[in-house]
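Hi there,

I'm passing along the structure we talked about, and below it you will find my notes on what turned up. Have a look at it first, then read on.

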Amino acid sequence: EIDRALDWLDGLTDQQKCLNYGSQTVHGTRVYNAFEHERLDASCRGYITYLEQIGILSPPQREILVDRLLALETTDIDVEQIKWVVLMVLFSQPGQELAYARMEDLVFEESSDLVH
């Protein structure tokens, strides 16, 4: 189990060498394939799009996120899992402190609403 977790974390950093933050268009649309549709329901895909639209995720970061979500060994992926994986993606990348802080605010702000 520990080896699987370490492999998952290695996958998080493996793709970062290929990222080019400046070359992606903001007008692109992500089209999910059948496997991704099966694993990521409409609310998950919508939340990922939302994070991209508000500037927390760039298109390359979105691709890392989708890859790491699909690598999870769970049958049901939900928005709560997405939030935590987004934090890990952003934390693992240099220069993403502002996006990380914004996502952290989103995560803890929404969870505190549930308690009240």
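**A buried glutamate**

With a relative accessibility of 8%, Glu36 falls under the 20% cut-off and so counts as buried. Please keep in mind that this is a predicted model. Glu36 sits in helix 2, which covers residues 34-39. Which residues does Glu36 touch, once its neighbours within four places in sequence are set aside? The contacts are Arg30, Val31, Val66 and Leu70. Two of these partners, Val66 and Leu70, belong to helix 4 and are buried there.

**The overall picture**

Stepping back, the protein has 6 helices and 0 strands, so to speak in one run of α-α-α-α-α-α from the N terminus on. Of its 116 residues, 36% count as buried. As for contacts with a separation of 6 or more, 70% of them are between residues 24 or more positions apart.

**Helix 4**

Helix 4 takes in residues 59-71, 13 residues in total. From its first C-alpha to its last it reaches 18 Å, close to the 18 Å expected at 1.5 Å a residue. Is this helix mostly covered or mostly open? It is mostly covered, with 10 of its 13 residues buried. The buried set includes Pro59, Pro60, Gln61 and Arg62, along with Ile64, Leu65 and Leu69.

**Salt bridges**

Side chains of opposite charge can pair when their charged atoms come close. How many salt bridges does a search of the whole structure find? The count is 6.

One of them joins the side chains of Glu63 and Arg30, at 2.6 Å from N to O. Glu63 is in helix 4, while Arg30 is in the loop between helix 1 (2-14) and helix 2, so this pair ties together parts that lie 33 residues apart in sequence. The two partners fall in separate burial classes: Glu63 counts as partly exposed at 30% relative accessibility, and Arg30 counts as buried at 19%. The value for Arg30 is under the 20% limit, which is why Arg30 is classed as buried.

Glu63 and Arg30 also belong to a network of salt bridges that links Arg30, Glu36, Glu52, Arg62 and Glu63. The buried Glu36 from the start of these notes is therefore part of that network.

Another salt bridge is formed by the side chains of Asp67 and Arg68, at 3.0 Å from N to O. Asp67 is partly exposed, with 29% relative accessibility, whereas Arg68 is buried at 8%.

A further salt bridge connects the side chains of Glu80 and Lys83, at 2.9 Å from N to O. These two are 3 residues apart in helix 5, so about one helical turn separates them. Glu80 is partly exposed at 39% relative accessibility, and Lys83 is buried, with a relative accessible area of 4%.

**Helix 3 against helix 5**

Lys83 also has a place in the packing of two helices. Helix 3 (residues 42-53) and helix 5 (residues 79-91) pack at an angle of about 35°, and their axes are 9 Å apart. The crossing of helix 3 past helix 5 is right-handed. On the helix 3 side, the residues that take part are Ser43, Cys44, Tyr47, Ile48 and Leu51. They meet Val79, Ile82, Lys83 and Val86 in helix 5. Sorted by class, this contact holds 7 nonpolar, 1 polar and 1 charged residues.

**Two more positions to look at**

Where does Asp78 lie? Asp78 is in the loop between helix 4 and helix 5, and it is partly exposed, with a relative accessible area of 39%. Its C-alpha is 7.9 Å from that of Ser43, although the two residues are 35 apart along the chain. Ser43 is one of the helix 3 residues that meet helix 5.

Glu104 is found in helix 6, which spans residues 97-115. Its relative accessible area is 29%, so Glu104 is partly exposed. Glu104 and Val86 are 18 residues apart in sequence, with 9.4 Å between their C-alpha atoms. Val86, in turn, is one of the helix 5 residues in the contact with helix 3.

Best wishes

Conventions
Residues numbered from 1 in each chain as written. Predicted model: local features only at pLDDT ≥ 70, side-chain atom pairs only at ≥ 80, totals over all residues. Heavy atoms only, no water. Helix = DSSP H or I, 4+ residues; strand = E, 2+ residues; numbered from the N terminus. Expected span 1.5 Å × (residues − 1). Buried < 20%, exposed > 50% of the residue type's maximum accessible area, 1.4 Å probe, protein only. Axes fitted to C-alpha atoms, helices over the stretch in contact; angles between N-to-C directions. Left-handed = near helix turned anticlockwise from the far one by under 90°. Contact = heavy atoms within 4.5 Å. Nonpolar A, V, L, I, M, F, W, Y, C, P; charged D, E, K, R; others polar. Salt bridge = Lys/Arg side-chain N within 4 Å of Asp/Glu carboxyl O.
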